[in-house]
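Q: Please take a close look at one part of this model and describe in a connected way how the residues there are placed and what they touch.

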Amino acid sequence: MSTSGSPPASGRLGTAHILFLIVAAAAPLSAMVGTVPLAFAFGDGAGVPAAFLFAGVTLLCFSVGYAVSARRTGGSGGFYASVADGLGRPPAVASGYLALLSYNCATIGLAGALGYFTQLVLAAHGLTVSWEWCAAVGLVLTAVLGYREIALSARVLALLMLGEIGVLAALDVAILVRHGVHALPAASFSPHTAAGPGVGVSLMFAFVSFIGFESAALYGKEARDPERSVPRATYAAAALIAGFYALTSWLAVGAIGPDRVREVAGKQMGDLFFGLGDDFLGTAGSTMLQVLLCTSLFAATLALHSAANRYAQVLAQDGLLPRTLAAEHVRHGSPHRASVWQSVLTALVLAGFAVAGLDPYADLTTSMLGLGTLGIVTLQALAALSVLGLRLRAGHGHWWKETLAPLLGFAGLATSVWLVVGNFDMLTGSPSKVIAALPWLLPLVALGGLLYAARLRTAHPLRYRLLGTRYTAAPATPDLSPAPSGDRHARSQ
């Protein structure tokens, strides 16, 4: 039983719960296993830890401005609310549809990766299970947890996060114990290495490894104290992820050797950290890394599934999607219909790739994750720009929180967008011209959003004026629930 007019699911989440939700979306273990070796091999090698640190500082600057926006919007509505507050309704509609596309693509890509890597891990231990069945089991679990209250998902993600961070921390300690101070080579942060050839590629992989950390601003109405917990969780996530990525990649450089890391990573690629696990933690440690890679991918799928649901709900509440998707479950307080819709969409896409006989990783995961990543980084840049828009509109504001920090964040994120577009073939690992053209979907979707906003402004001025207002500092909150048939025409005028 459900209703779109049921009381909000407030008070379920504290700062720690939101932190687990957003760190899970970044998938630290998956980033270490899948992204860092690529950055070592194709980027600036031993300078990768400095790239993670730079990306972390940039995103902390972004977080300062985003916190200003989150406090004004009550920590709800994500990028849609932030852009509506700072840049106006047409850009907000465009950003809302971009967010829907990006988070759904990222979720689908992660579901494919979950099936692919689970199949490989099981095969390594003598079990033959197709990637389709592995992905199906993960999708069913995601659908069940996504349908229920968000606090349950947060508790599950907390357990999974402790596992994957714990095994990486154990690897870090083992490297330190064996190599001592030599495990932290100064060369990684020397200007010659950190700014050497390939630094742009390293920065690209560094920025994309943070994807999902900004999603705290989707859980405001489910938080006990959104004006405090949402900014705090965002700051904590940026600092935790940046510190963890920089330290672990730095220790990997120390374990392999600054002069050898590019060559070794180029040969071993995705097996690099499994090899380190086997060397420093033994066979049991390597096996644990393999198992926890699968749980890391499941955690990331669940976290981004939850984010995609909430964007669908937000847009449905403002009439930009069918209003049935705005419904909240009476008991769980979850956007359960949006969750079912997202699960069905993911299942259909996975089934389509399976029937076509396409590779779940080379064809599905890389393309969907690549497109989703580019869209989310673009939205982060727009969110930083929206804080500057607030500052210009008000004519005054705090020099750091509302001017310099968001400006620095925007500059770094705009650079990241440029790097991702310029290296999209490397990010996806595909030479296909079709996949190379995928970034064009983002401006097309944004243009469609702008045109739809223009149509609403002319044909339905009341609906247009109400777009995004439920998230502003002083919201107008008229009833936008579906009207009886006799009132619908009047309400739309």
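A: **Two helices and their surroundings**

In this predicted model, Thr118 has a relative accessible area of 17% and is therefore buried, since the cut-off for that label is under 20%. Thr118 belongs to helix H6, and, once its neighbours within four places in sequence are left aside, Thr118 is in contact with Cys134 and Cys294.

Helix H6 itself covers residues 89-124, and because 36 residues at 1.5 Å a residue should span 52 Å, the separation of 52 Å between its end C-alpha atoms agrees with the expected value. Just after H6 comes Gly126, which takes a positive phi of about 85°.

A second threonine can be described in the same terms. Thr301 lies in helix H13, which runs over residues 272-317, and with a relative accessibility of 2% Thr301 counts as buried, because the label applies under 20%. Leaving aside its neighbours within four places in sequence, Thr301 is in contact with Thr107, Leu110, Ala111 and Thr142. Val230 is 71 residues away from Thr301 along the chain, and the C-alpha atoms of these two residues are separated by 21 Å.

H13 also meets helix H1, which comprises residues 15-26: the axes of the two helices come within 7 Å and cross at roughly 120°, and the crossing in which H1 passes H13 is left-handed. On the side of H1 the contact is made by Leu21, Ala24 and Ala25, while H13 contributes Ala299, Ala300, Ala303 and Leu304. Sorted by character, the residues of this contact of H1 with H13 comprise seven nonpolar, no polar and no charged.

From this contact one can turn to the nonpolar core. The largest nonpolar core holds 148 residues, of which Phe40, Phe52, Tyr103, Phe210, Tyr245 and Phe273 touch the most other members. The helix that gives the most to this core is H13, with 22 residues. Phe273, one of those residues that touch the most other members, is in contact with Met32, Val33, Val36, Pro37, Leu171, Thr248, Ala252 and Leu289, again leaving aside its neighbours within four places in sequence.

Taken together, H13 is the helix that holds the buried Thr301, that meets H1 through a contact of seven nonpolar residues, and that gives the most residues to the largest nonpolar core, whereas H6 holds the buried Thr118.

Conventions. Residues numbered from 1 in each chain as written. Predicted model: local features only at pLDDT ≥ 70, side-chain atom pairs only at ≥ 80, totals over all residues. Heavy atoms only, no water. Helix = DSSP H or I, 4+ residues; strand = E, 2+ residues; numbered from the N terminus. Buried < 20%, exposed > 50% of the residue type's maximum accessible area, 1.4 Å probe, protein only. Contact = heavy atoms within 4.5 Å. Expected span 1.5 Å × (residues − 1). Axes fitted to C-alpha atoms, helices over the stretch in contact; angles between N-to-C directions. Left-handed = near helix turned anticlockwise from the far one by under 90°. Nonpolar A, V, L, I, M, F, W, Y, C, P; charged D, E, K, R; others polar. Core = buried A, V, L, I, M, F, W, Y, C linked by side-chain atoms within 4.5 Å.
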